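Work through the following exercises with the sequence and the model at hand. Each task is followed by a solution in steps.

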Amino acid sequence: MRELALHILDIAENSVKANAKLVTVEILVDDNLLTIRISDDGKGMSEEFLTRVTDPFTTTRTTRKVGMGIPLLKQAAETGGGTFDIKSQVGVGTVVTTTFQLDDIDRMPLGDIAETATTLLYPNCDFKWIYKVGDREFVFDTREVKEELEGIPIDSPEIIAFLKSMLKENIESINGGIII
Ligand SMILES: Nc1ncnc2c1ncn2[C@@H]1O[C@H](COP(=O)(O)OP(=O)(O)OP(=O)(O)O)[C@@H](O)[C@H]1O
Ligand SMILES: [Mg+2]
């Protein structure tokens, strides 16, 4: 994978599959540290399952025997001068936190967050995106968007296109010219 945004997509899809009602994605840049945290209120994992979840052969998929989402993010974090942590509790939810050194030459670029965020629009699962660079912050909450939409599906093509360009603009303005 070439972009952290695609790893975020994978991890957040795990949350959706775990029947989360709300997934919070935080992307925080502070000096030389990039922190990405994905939290959900889905079904969670047992302690025993959690100890082997970073192993590619741990999966509850029925279509194939390997699950790569978590192992690949762990590997990306560790090669990008960073850290990986996962916490989970059955019936409560899961939190995946990774950090990266911004200036590490092996760190993947953040990539297209607007694309990832608009791929993750669902009628029955909400997302809260918190994008923060230094003290500039942008929050995108699908619960608020749905309220404004008054019944129009959030995953309809026109809404997706509108939200994608809105997110792009906001992210660029928060970045203030730097490429993360
Ligand atoms: N947020 C989560 N909540 C509950 N269970 C999870 C969560 N994330 C991962 N899991 C469990 O851990 C397993 C491994 O996840 P991982 O993303 O590594 O692989 P996968 O989702 O099975 O397959 P892939 O990501 O390659 O499509 C999943 O099959 C699922 O059972
Ligand atoms: Mg997965």
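**Exercise 1.** Which residues in α1 are buried?

Solution. The model is predicted. A residue counts as buried if 20 or more other C-beta atoms lie within 10 Å of its own. In α1 the buried residues are L4, A5, H7, I8, L9, I11, A12, N14 and S15. Next, find their partners: these buried residues pack against β1 (22-30), β2 (33-40), α3, β4 (93-101) and α4 (113-119).

**Exercise 2.** Check the length of α1 against the span expected at 1.5 Å a residue.

Solution. The helix has 14 residues, for which the expected span is 20 Å. The C-alpha atoms at its ends are 20 Å apart, so the two values agree.

**Exercise 3.** Describe how α1 and α3 pack.

Solution. Two packed helices are described by the angle between their axes and the distance between the axes. The axes of α1 (residues 4-17) and α3 (residues 69-79) come within 9 Å and cross at roughly 140°. The crossing is left-handed. On the α1 side the contact is made by H7, D10, I11 and N14, and on the α3 side by G69, L72, L73 and A76. By class, the residues of this contact are four nonpolar, three polar and one charged.

**Exercise 4.** How many residues surround ligand 1, and which are the closest?

Solution. The shell holds 20 residues, and the closest are N14, A18, T59, G67 and G69. The elements that give two or more residues to this shell are α1 and α3. By class, the shell has six nonpolar, 10 polar and four charged residues. N14 and G69 also belong to the contact between α1 and α3.

**Exercise 5.** Locate N19 and D31, and state the sign of phi for each.

Solution. Most residues other than glycine have a negative phi. Phi of N19 is near 65°, a positive value, and N19 sits in the loop between α1 and β1. Phi of D31 is near 50°, also positive, and D31 sits in the loop between β1 and β2. For exposure, count C-beta atoms within 10 Å: N19 has 12 others and is therefore exposed, while D31 has 8 others and is exposed.

**Exercise 6.** Classify T79 by its C-beta neighbours.

Solution. T79 is found in helix α3. T79 has 13 C-beta neighbours inside 10 Å, so T79 counts as partly exposed. Its C-alpha atom is separated by 6.9 Å from that of R107, a residue 28 residues apart from T79 along the chain.

Terms used
Residues are numbered from 1 along each chain as its sequence is written. Chains are lettered from A and ligands numbered from 1 in the order in which they are written. This is a predicted model: local features need pLDDT of at least 70, side-chain atom pairs count only at pLDDT 80 or more; totals for chains, interfaces and linings use all residues. Axes are lines fitted to C-alpha atoms, for helices over the stretch in contact, and angles run from 0 to 180 degrees between N-to-C directions. Helices (H or I, at least four residues) and strands (E, at least two) are DSSP runs, numbered from the N terminus. A crossing is left-handed if the near helix is turned anticlockwise from the far one by less than a right angle, and right-handed if clockwise. Two residues are in contact if their C-beta atoms, placed from the backbone, lie within 7 Å. Ala, Val, Leu, Ile, Met, Phe, Trp, Tyr, Cys and Pro count as nonpolar, Asp, Glu, Lys and Arg as charged, and the others, Gly among them, as polar. A residue is near a molecule or strand if its C-beta atom, placed from the backbone, lies within 6 Å of it. The expected span of a helix is 1.5 Å times one less than its number of residues.
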